[in-house]
Amino acid sequence: TYGYRRWLLANWTFANIVQQRRGPDATHMVTAGGFRFVHNLLHMAGQRTLQPLVEDQISVVFNDEIYNWLDLQARVGGGA
């Protein structure tokens, strides 16, 4: 119902419990431009990067997996 959805949005910590198991390594929340972004990190390799990424008026959340990360890392250099 509409009231329940509003309550979940107002209580993001409770709503996030269901999703947090998919990214148990870190949870980060940012409110920007009137929107609330929540990201749960599942760290597999490389540097831990908390999301959402925010710079000036831009907020970005990346929800995907980069399968050729070893190849990309070799091209740009850097350690795991």
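A residue is termed exposed when its relative accessible area is over 50%, and buried when that value is under 20%, with partly exposed residues in between. In the predicted model described here, Asp56 has a relative accessible area of 70% and is therefore classed as exposed. The residue is located in the loop that joins β3 to β4. Its backbone is also notable, as Asp56 adopts a positive phi of about 55 degrees although it is not a glycine. Most residues other than glycine have a negative phi.

Confidence in the prediction was examined along the chain. The mean pLDDT is 77, and 91% of the residues reach 70 or more. Among the elements of the chain, the lowest mean pLDDT, 72, belongs to α2, whereas the highest, 84, belongs to strand β3, which covers residues 53–55. Where pLDDT is low, the predicted coordinates should not be read in detail.

The pairing of β1 with β2 was considered next. Strand β1, formed by residues 26–32, pairs with β2 in the antiparallel sense, and 7 bridges connect the two. The two strands form a hairpin in which 2 residues lie between them. In the turn, Gly33 shows a positive phi of about 60 degrees. Across the pair, Ala32 stands opposite Phe35 of β2, and Thr31 is placed opposite Arg36 of β2.

Several separations in sequence and space relate these strands to other parts of the chain. Phe35 and Ser59 are 24 residues apart in sequence, with a C-alpha to C-alpha distance of 9.7 Å. Ser59 belongs to strand β4, residues 58–60, and is partly exposed at a relative accessible area of 25%. A sequence separation of 24 residues also applies to Gln51 and Thr27, whose C-alpha atoms are 8.5 Å apart. Gln51 lies in the loop between β2 and β3. With a relative accessible area of 11%, Gln51 falls under the 20% limit and is therefore buried. Tyr4, in helix α1 (residues 2–10), is separated from Leu41 by 37 residues in sequence and by 26 Å between C-alpha atoms. The relative accessible area of Tyr4 is 46%, and the residue is partly exposed.

A search for salt bridges across the whole structure returned 1. The partners are Arg75 and Asp71, and their closest N and O atoms are 3.0 Å apart. This distance satisfies the criterion of a side-chain nitrogen of Lys or Arg within 4 Å of a carboxyl oxygen of Asp or Glu. Because Arg75 and Asp71 are 4 residues apart in helix α3, about one helical turn separates them. Arg75 is exposed, with a relative accessible area of 64%, while Asp71 is partly exposed at 36%. Side chains of opposite charge can pair when their charged atoms come close.

Open space in the model was also analysed. Rolling a probe the size of a water molecule over the atoms shows where empty space is left. The largest pocket has a volume of about 1,100 Å³. It is lined by 27 residues, of which Leu41, Leu42, Phe62, Asp64 and Glu65 are the closest to its centre. By class, the lining comprises 13 polar, 10 nonpolar and 4 charged residues. At least two lining residues are supplied by each of α2 (12–20), β2 (35–41) and α3 (69–76). The largest share, 4 residues, comes from β2. Strand β2 thus contributes to the lining of this pocket and also pairs with β1 in the antiparallel sense. Helix α3 likewise supplies residues to the lining and holds both Arg75 and Asp71. Helix α2, a further contributor to the lining, is the element with the lowest mean pLDDT.

Conventions:
Residues numbered from 1 in each chain as written. Predicted model: local features only at pLDDT ≥ 70, side-chain atom pairs only at ≥ 80, totals over all residues. Heavy atoms only, no water. 1 Å grid on protein atoms, 1.4 Å probe; cavity = no way out; pocket = protein on both sides within 12 Å on 5 of 7 lines; lining within 4 Å. Points joined across faces, edges and corners; volume = space filled by probe spheres on them. Nonpolar A, V, L, I, M, F, W, Y, C, P; charged D, E, K, R; others polar. pLDDT = per-residue confidence, 0-100. Pairing = 2+ DSSP bridges. Buried < 20%, exposed > 50% of the residue type's maximum accessible area, 1.4 Å probe, protein only.
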